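Got the viewer open? Set it to cartoon view, keep the selection box handy, and follow along stop by stop.

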Amino acid sequence: MNKDTLDKIISRLDRLSSAELRQLFLRLAGDRGLLRDVFDALRDGLILFDAEGKARYANKMAELIYNRPLRELLSEPFERLNGGTCRWEDLRNSGVVITRDLKVNYPEPRHYNLLMCPVSQGSEYLLLIHDDTELLARREASAEAEQLNLLTFLSSAVAHEIGNPLNSLGLNLQLMQRKLAHQPEGCREKLAPLLESALAESRRLDTILRQFLQSMRPGRLQREPVKLNELLARVLEVLTPEIAPRGIAVQESYCEDLPVIQADPNRLFQVFYNLIRNAYQSIPGPDGSIFVLTGYNDADVHVCITDTGSGISPEVMGSMYEPFRTTKKKGNGLGLLIVRHIVREHGGSLGISSREGQGSSVTVTLPRADRVVRLLPQ
């Protein structure tokens, strides 16, 4: 209702009967109640300020966002309600719409977009609070999916270019081995071990390349019963030639009655191969240790890999899953991204805790095949 209409009604009040006045006030009260219901149904917080910067109305969503009752909310100053992103003088004097982003860390991380604008021809001002948390989370998930698709394409192309010369190298080594069989015995004793080592490393590279492609290629998991203790023992057996010369102690503590899980053994091998390799590479010198532990509860099986390495700084922790971001001189920044992708495919989760200079701990949690369903008591 505009000002002219209101002035006309006021000028005619003395001419209205009591019944007409009652009907008019009931209509105004009904209109106000309808608008209040509409504002309370909004999914955005709404706070209305008068010309002096005092809050005079807030809807239900604003109460939920600020977690304050209406009376306390309306007593807060404008600057505090917008998180200090805008002063009242700046809004009142500008006469324009102002928007700000606000990140809140307590009691939980949330992202808000604040819209502040004059209404009612500048006599009142509106603060609109929109929660962008879920939208940003969806954007991050979409961006991560796009990154994984790009990595899948790149990995296929790179693996193809590496695979061809690797196959050629293996074939030539085999030919050299056959020709060496016709050489004098003294020559064979000197060269045979070197050729055998080169062939073994060529086969290992081929295995790693195929496992990498398998882990990145989209498709259904080849699930089968997997005993994690035995899988971890195989991973450590493969990595022992790299770990032992550095004087790093590996301590294993396996839960004897660890439940069998339904999983893809090849992809899980890649997960623990990457994690244990990261663990020993983070130890700068000898006398370091790696601890590999397994355990379970009613719902999950977990594997914890702890090292006494250099740890991870808070700055790096925030971006460790970004592709091509790495602190290693010869790293490519894809290891942890691949690990998390495989673990999530299995319905599990990956947890990392670290303190710079003291080491890191990585926990892989995977669902049990015989998961116990918990119900509320009847």
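Start with strands S10 and S12 (residues 359-367) of this predicted model: the two run antiparallel and are joined by eight bridges. For one rung of that ladder, pick Asp 300 in S10, whose bridge partner in S12 is Pro 367.

Now stay on S10 (residues 300-307) and add strand S9 (residues 289-296); this pair is also antiparallel, with seven bridges between them. Click Leu 293 and you'll find Cys 304 as its bridge partner in S10. How many residues make up the hairpin from S9 to S10? Three residues do the job.

Pro 367 is a handy stepping stone, since the residues in contact with His 346 include Pro 367 and Leu 366. So select His 346 next, in the loop between helix H12 (335-345) and strand S11 (349-355). Is His 346 buried or exposed? Its relative accessibility is 4%, under the 20% cut-off, so His 346 counts as buried. Show sticks for its surroundings: leaving aside neighbours within four places in sequence, its contacts also include Leu 221, Arg 223, Ala 263, Arg 267 and Leu 268. Asp 264 is in contact too, and the side chain of His 346 reaches the backbone nitrogen of Asp 264 at 3.1 Å.

Keep Asp 264 on screen, as it has a second role. Asp 264 caps the N-terminal end of helix H10, with a side-chain oxygen 3.2 Å from the backbone nitrogen of Asn 266.

That takes you to H10 itself (residues 265-281). Put a distance label between its end C-alpha atoms and you should get 24 Å; 17 residues at 1.5 Å a residue should span 24 Å, so the two agree. Switch on a surface and look at what surrounds H10: 13 of its 17 residues are buried, so the helix is largely enclosed by the rest of the structure.

For the last stop, move to the open sheet of five strands, ordered S2-S1-S5-S4-S3 with antiparallel pairing. Which strands stand at the edges? Strand S2 (55-58) and strand S3 (98-104) do, and each has a single partner strand, so one side of each is left without a neighbour in the sheet. Turn the view along the sheet to see the twist, which averages 20° from one strand to the next.

Finish by zooming in on S3 and strand S4 (residues 110-119), an antiparallel pair joined by seven bridges. Select Thr 99 and then Leu 115, its bridge partner in S4.

Notes. Residues numbered from 1 in each chain as written. Predicted model: local features only at pLDDT ≥ 70, side-chain atom pairs only at ≥ 80, totals over all residues. Heavy atoms only, no water. Helix = DSSP H or I, 4+ residues; strand = E, 2+ residues; numbered from the N terminus. Buried < 20%, exposed > 50% of the residue type's maximum accessible area, 1.4 Å probe, protein only. Polar contact = N/O pair within 3.5 Å; in protein donor to acceptor, adjacent residues only side chain to side chain. Contact = heavy atoms within 4.5 Å. Pairing = 2+ DSSP bridges. Axes fitted to C-alpha atoms, helices over the stretch in contact; angles between N-to-C directions. Expected span 1.5 Å × (residues − 1).
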